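Trainee: Walk me through the terms used for this model. I want to see how each label follows from its cut-off.

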Amino acid sequence: MSQQCRAVIDIGTNSIKLLVAGVTGHDVQPLWEDSKQTRLGRGFYETHQLQPEPIEKTARVVAKFAATAREWKARSVRVIATSAARDAKNPRDLTAAIERESGLKVEIISGEQEADWAFRGVTSDPELAKHPLLLLDVGGGSTEFILGHGKRKHFAHSFPLGTVRLMEKIPHSDPPARAELTACRAWLKDFLRTQVRPKLAAELRDEARFDPASPQVQLVGTGGTTSILARMESELPSYDRERIEATRLSLDRVTWHRKRLWRLPLDERKQIIGLPKKRADVILTGVAIYEAVMQEFGFNELRVSTRGLRFAAVMDGA
């Protein structure tokens with residue numbers, strides 16, 4: 001089977017990501033990756049209207065990424081959009097702007113499709129396919145909780161919980177006030193207990209019993225927040241897939257990072273090695289989400305995957 005060069009442009013609530021990869025069956029070899037923050041979800045959650053400025057910025061970045069994919073001679077360029085686009089009252093404004101700038105059609109995918117692709121992408125790593133997993137894909141507007149083992153997915157649900165959504169729901173000062181952190185953590189605890197636990201708890205117990213030889217369900221995070229936490233943990237100034245995926249974060253270390261981040265003003269957070277300056281605001285809610293999930297469901301370790309949605313989308317072709 002010959003290798004094909006394909007590209008996927010992933011339009012999220014906070015950022016746009018490009019993956020250009022050589023694909024042979026289910027083997028994906030990244031050739032080029034890039035990410036630009038356009039904050040498509042800025043000012044979105046009060047009205048559920050995508051705003052003109054982030055729409056135009058998003059369309060320009062998509063056109064730039066499409067040109068990069070063509071430079072790599074990608075046989076197909078797939079554009080997918082997730083939470084903000086699917087929740088918007090005016091998605092056509094976004095898709096028309098992108099088509100005008102780049103000539104590309106946009107697929108607005110469902111939460112169920114997003115969860116399915118995230119799981120398939122992560123378990124394309126043979127090491128992670130060996131174990132029962134609870135996979136968290138924390139984005140700007142939604143979080144997918146996926147439970148499964150190998151190629152079998154037993155539970156998947158997309159919840160209206162994301163870094164940008166939470167930041168807009170509970171704004172914080174600079175530096176954040178103690179009361180704002182308390183409010184954020186209380187809201188997360190209530191959301192997990194009333195919205196997530198009723199759907200997930202029984203499934204987690206069943207999955208833990210599923211394989212007596214490997215009964216422990218492992219928590220795996222994919223997406224920007226966990227990659228950044230891994231980079232901060234290892235003090236990586238640049239993206240290093242192997243070192244990021246080798247990182248294991250204990251609950252104590254996640255809590256340590258949360259305490260540190262929430263104490264610092266924005267300008268000081270921007271100086272932290274491993275934390276991209278443009279993500280220094282949303283990392284506050286991202287780390288709080290992971291800490292809350294680990295506490296609520298009794299996970300003492302978080303593993304990190306750089307695979308996910310885009311890996312599966314590029315495997316599927318156009």
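Mentor: We take two cysteines, one helix and one pocket in turn.
This is a predicted model: local features need pLDDT of at least 70, side-chain atom pairs count only at pLDDT 80 or more, and totals for chains, interfaces and linings use all residues. Residues are numbered from 1 along each chain as its sequence is written, and side-chain values use heavy atoms, without hydrogens and water.

Trainee: Why is Cys-5 called buried?

Mentor: Buried means under 20% relative accessible area, exposed over 50%, partly exposed in between (1.4 Å probe, protein chains only). Cys-5 has 14%, so Cys-5 is buried. Cys-184, at 2%, also counts as buried.

Trainee: How many disulfides does the structure hold?

Mentor: Zero. A disulfide is a pair of cysteine sulfur atoms within 2.5 Å.

Trainee: What is the span of helix H10, and what span is expected?

Mentor: H10, residues 251-263, reaches 18 Å from first C-alpha to last. The expected span is 1.5 Å times one less than the number of residues. With 13 residues, 18 Å is expected, and the span is close to that.

Trainee: Why do the buried residues of H10 line one face?

Mentor: They fall within an arc of 160° seen down the axis, so they line one face. The arc is that of the directions from the helix axis to the C-beta atoms. Among the buried residues are Leu-251, Val-254 and Trp-262. The face turned away carries the exposed Asp-252 and Arg-263.

Trainee: What classes line the largest pocket?

Mentor: Its lining has 10 nonpolar, 22 polar and 13 charged residues. Asp, Glu, Lys and Arg count as charged.

How values were computed:
Helices (H or I, at least four residues) and strands (E, at least two) are DSSP runs, numbered from the N terminus.
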